[in-house]
Amino acid sequence: MSFQELQVHQNMINALKELGIIEPTLIQTKAIPLIKSGKDLIGISKTGSGKTAAFGIPILEKINPGLGLQVLMMAPTRELAYQISGELSKFSKYMPCRIATIFGGVSLIPQIEQIKKAHIVVGTPGRLRDHLDRGNLNLSKLTCLVLDEADKMVEMGFIEDIEDILRHTPKQRQMLLFGATISREIDHIKQRYMHDSVIAEAEAQVQKELLQQFYYSVKPHEKFSLLVHLLKKEPTSRVIVFCSKRSTVEMVSKNLRSQGIKSEIIHGKLSQNKRLHVIDSFNHGKLDFLVASAVAARGIHVDDVSHVFNYDLSQDPQEYIHRIGRTARAGSSGKAITLLEQRDHGIFAEILDRYKVDVQEMPQENFQRLQFQANNFRSRDTHQRFHGPRRNSYQRSDRRESNSNDGSYSQPRSNGRSREMSRTSRDYTQRRY
Ligand code: ADP
Ligand code: MG
């Protein structure tokens with residue numbers, strides 16, 4: 001199926017061609033005709049499969065330049081909102097269409113001006129609601145509404161904002177809901193606000209032969225050393241190391257730097273400018289190692305990532321799928337490597353069970369034990385994960401001293417440990433295969 005066959009306008013096809021978008025992806029082939037026909041739609045396909053264009057193309061074609069604000073799109077993060085509007089403006093290069101991008105953390109005033117002129121508003125739910133409450137946003141003429149990464153928005157607690165916004169839209173507007181996964185929590189929105197919705201679903205487009213997934217079983221206090229060992233051993237080009245907490249992102253990056261591995265961080269508390277700058281450096285090859293929290297990296301477009309490391313796992317099984325979707329995109333191959341602590345086995349089993357992914361266990365590695373500097377003991381938990389129980393803090397310095405005497409700390413552990421590890425792994429393998 002081609003864009004011509006999908007009856008996409010020639011102007012749009014030309015703009016797409018300039019972006020290297022020649023053939024529609026599966027989700028685009030499925031969703032575009034349904035959206036054109038006016039149906040309410042739930043679109044499900046994995047990260048990187050071209051969902052933005054799947055809803056963006058048919059929506060842009062319906063825009064009537066004389067009718068003011070017609071479409072509202074919501075996304076969970078500032079980066080995503082920014083990215084969607086960026087893509088849409090490129091697609092609509094040869095069409096008259098004005099797009100406003102609305103997110104928090106910046107001044108309201110310039111946004112009011114943008115909204116006044118816009119045919120499409122793309123934004124995060126919190127700030128959109130703020131504008132709505134202040135009377136800056138009139139949704140009464142809306143013909144279409146999009147929730148991108150709908151699951152994530154619900155999970156991030158935006159449901160009230162979203163529902164409040166939905167109540168201000170006309171009853172007869174078209175509603176589109178997109179995501180890599182659509183959970184049960186979404187049912188409520190579907191029941192309440194969508195009319196006879198249809199589902200467009202595309203099988204995972206990561207080609208199995210291109211994405212290899214591995215895991216290592218590792219003790220919490222040895223994770224950092226194993227990570228450095230693997231980063232040095234693996235022929236990596238561009239790497240994202242995912243951590244589930246901001247404090248871990250900061251500490252891992254800091255320690256990588258002290259091992260001579262130049263990395264930058266990206267997490268939700270960084271300023272918008274800083275985040276965009278980091279992503280830009282990464283995309284332009286000025287930076288090879290990115291340590292990221294999953295939410296911050298959500299949906300961000302990065303090319304040619306050779307390795308994704310899960311330094312730890314999120315409690316949310318979907319997050320694993322989102323993270324590994326950062327690599328093996330567009331025909332390139334990639335590796336996803338997970339460092340698995342004892343306590344992660346439950347959630348990992350759930351991931352494997354739910355998504356039927358094929359993850360190979362890797363044998364134990366011999367690696368040098370490195371010092372991990374945790375500068376800010378924000379929580380007891382963080383402290384314990386890296387250094388063992390807090391009561392050990394004296395023991396730690398003792399141990400370090402004795403290490404310098406016998407050197408045992410930097411040696412691989414004895415066989416007792418290997419036996420213990422292999423038992424864990426075997427149990428696990430049995431559950432899995
Ligand atoms: P998703 O929202 O599903 O995670 P995106 O919409 O962000 O994916 O698209 C990922 C990347 O793929 C973007 O850089 C986009 O420009 C590109 N892309 C989208 N559609 C196509 C296509 N049909 N052919 C080639 N590249 C595409
Ligand atoms: Mg997307």
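A residue is counted as near a molecule if one of its heavy atoms lies within 4 Å of that molecule. The legends below concern a predicted model.

**View 1. The residues surrounding ligand 1.** Around ligand 1 there are 15 residues, and those that come nearest are E23, Q28, G48, K51 and T52. Sorted by class, this shell comprises eight polar, five charged and two nonpolar residues.

**View 2. Polar atoms of S49, K51 and T52 beside oxygen atoms of ligand 1.** For T52, an N or O atom of the side chain lies 2.6 Å from an oxygen atom of the ligand. In the case of K51, an N or O atom of the side chain is 2.9 Å from an oxygen atom of ligand 1. S49 takes part through its backbone instead: a polar backbone atom of this residue is 3.2 Å from a ligand oxygen. On its own, ligand 1 has 570 Å² of accessible area, of which the protein covers 82%.

**View 3. The buried residues of helix α1.** Helix α1 spans residues 10–18, and within this helix M12, I13, A15 and L16 are buried. Viewed down the helix axis, the buried residues of α1 fall within an arc of 165 degrees, and they therefore line one face of the helix.

**View 4. The packing of α1 and the residue G20 just after the helix.** Two other helices meet the buried residues of α1: these residues pack against α3, which covers 51–62, and against α4, which covers 78–91. Just after α1 comes G20, whose phi is positive, at about 80 degrees.

Methods:
Residues are numbered from 1 along each chain as its sequence is written. Chains are lettered from A and ligands numbered from 1 in the order in which they are written. This is a predicted model: local features need pLDDT of at least 70, side-chain atom pairs count only at pLDDT 80 or more; totals for chains, interfaces and linings use all residues. Side-chain values use heavy atoms; hydrogens and water are left out. A polar contact is a pair of N or O atoms within 3.5 Å; within protein, one must be able to donate a hydrogen and the other to accept it, and residues adjacent in sequence count only if both atoms are side-chain atoms. Accessible areas come from the Shrake-Rupley method with a 1.4 Å probe; for residues, only the protein chains shown count as cover. Ala, Val, Leu, Ile, Met, Phe, Trp, Tyr, Cys and Pro count as nonpolar, Asp, Glu, Lys and Arg as charged, and the others, Gly among them, as polar. Buried means under 20% relative accessible area, exposed over 50%, partly exposed in between (1.4 Å probe, protein chains only). Helices (H or I, at least four residues) and strands (E, at least two) are DSSP runs, numbered from the N terminus. The arc is that of the directions from the helix axis to the C-beta atoms. Contact means heavy atoms within 4.5 Å.
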